[in-house]
Amino acid sequence: MLVLVAPGQGAQTPGFLTEWLDLPGAGERVAVWSDAIGLDLVHYGTKADADAIRDTAVAQPLLVAAGLLSASALGDVAPGAVAGHSVGEITAAAFAGVLDDTAALSLVRERGLAMADAAAITETGMAALLGGDPGTTVAHLEKLGLTPANINGAGQIVAAGTREQLAALEADKPEGVRRVVMLQVAGAFHTHHMGPAVDTLAKAAEALTPGDPKVTYVSNKDGKAVGTGAEVLDRLVGQVANPVRWDLCMETFKELGVTALLEVCPGGTLTGLAKRALPGVRTLALKTPADLDAARELVAEHTA
């Protein structure tokens, strides 16, 4: 059984779409998406620097476009389940047939703009904590006023809060934590700081008509499979201000009997977590078109 997953914000790097746009029809497809959402995805995916694509309003549509483009390059894929980390949930919703590509990109464009506006209210950020006991780490973060915004499993928790709170964390790490790594994101996502974005996204979602998932859709909220398109959309809206529970998603993968995990472009982050948390599960990350042949072989071996 194959699970197809999509990474979240921070996975983007300068020029990462360049080789993908060399595939037949890819440039034209992304140009159409760019026109539809009023953002030059070709420019940002090929020529823009790290600071430009760190902008939440740019990074989020760019990541969803990359995920959709790389998945389509695989050809027909029938995964047993789909999931995405944070903004990757919108990519996964498209994989599951809940949203078409244009609707997914329109929604993520609104999401990125709304979250960028919310992030501008207070100077905030996020930091990954490596190692340590989850219970001890969460208690320490709460003591500092920080939120465990991503509980990723495999010994990784991402804290979010104000810059002052994050500076205090660097000076006072939780017991057992080896490293505190500041992330290249522009806000405290999945915390109360994103509250203003929820209302904006809810209004944008009202214009969409979601379909029910055609494959098992695993939600960041609690790792549960969601059976209706309406509930998927409702969770996508609320999730911007609530923690990502990728650890629970991976527990659900185990329960489903997943034998392989394929991460779409720009893959690597979720594959790394799976290698530590899902022993025995084959993993592959789509980084460039050179990975497509190996990915197709994995799909053939692990789908009915």
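This report walks through the pockets, one helix and one cavity of a predicted model.

## The largest pocket

Let's start with the largest pocket, which has a volume of about 420 Å³. Its lining is made up of 23 residues. If you want to find the middle of this pocket in the structure, look for Q9, G10, N150, L183 and T269, which lie nearest its centre.

Several elements help build the lining: β3 (124–131), β4 (147–153), β5 (156–162) and α12 (269–277) each supply at least two residues. What kinds of residues line the largest pocket? There are 12 nonpolar and 11 polar ones, and no charged ones.

## The second largest pocket

Next up is the second largest pocket, with a volume of about 300 Å³. Here 17 residues form the lining, and L4, A71, G75, V77 and F95 are the closest to the centre.

Two helices to look for are α4 (56–73) and α5 (88–95), each of which gives at least two residues to this lining. Which element gives the most to the lining of the second largest pocket? That's α4, with 3 residues. Charged residues do turn up in this pocket: the lining has 4 of them, along with 11 nonpolar and 2 polar residues.

## Helix α7 and its two sides

Now pick out helix α7, which covers residues 134–143. Its buried residues are T137, V138, H140 and L141. These four sit on the same side of α7, because they cover an arc of only 165° around the axis. Flip to the other side of α7 and you'll find E142 and K143, which are exposed.

So what covers the buried residues of α7? The cover includes the strands β3, β4, β5 and β6 (177–182), together with the helix α8 (163–171). Three of these strands may ring a bell: β3, β4 and β5 also supply residues to the lining of the largest pocket.

Both ends of α7 are worth a look. At the start, a side-chain oxygen of D133 comes to within 3.1 Å of the backbone nitrogen of G135. After the helix comes G145, which has a positive phi, near 85°.

## A cavity inside

Finally, how many cavities of 30 Å³ or more does the structure hold? The count is 1. The largest cavity has about 40 Å³ of space.

Its lining consists of S86, E89, I90, L107, R111, L201, L236 and Q239. By class, that's 4 nonpolar, 2 polar and 2 charged residues. Helices α5 and α6 (101–119) each supply at least two residues of this lining. You've already met α5, which also helps line the second largest pocket.

Notes:
Residues are numbered from 1 along each chain as its sequence is written. This is a predicted model: local features need pLDDT of at least 70, side-chain atom pairs count only at pLDDT 80 or more; totals for chains, interfaces and linings use all residues. Side-chain values use heavy atoms; hydrogens and water are left out. On a 1 Å grid over the protein atoms alone, a cavity is a set of points where a 1.4 Å probe fits but cannot get out, and a pocket is an open set with protein on both sides within 12 Å along at least five of seven lines; lining residues have an atom within 4 Å of a point. Grid points are joined across faces, edges and corners, and a volume is the space filled by probe spheres set on the points. Ala, Val, Leu, Ile, Met, Phe, Trp, Tyr, Cys and Pro count as nonpolar, Asp, Glu, Lys and Arg as charged, and the others, Gly among them, as polar. Buried means under 20% relative accessible area, exposed over 50%, partly exposed in between (1.4 Å probe, protein chains only). The arc is that of the directions from the helix axis to the C-beta atoms. Contact means heavy atoms within 4.5 Å. A polar contact is a pair of N or O atoms within 3.5 Å; within protein, one must be able to donate a hydrogen and the other to accept it, and residues adjacent in sequence count only if both atoms are side-chain atoms.
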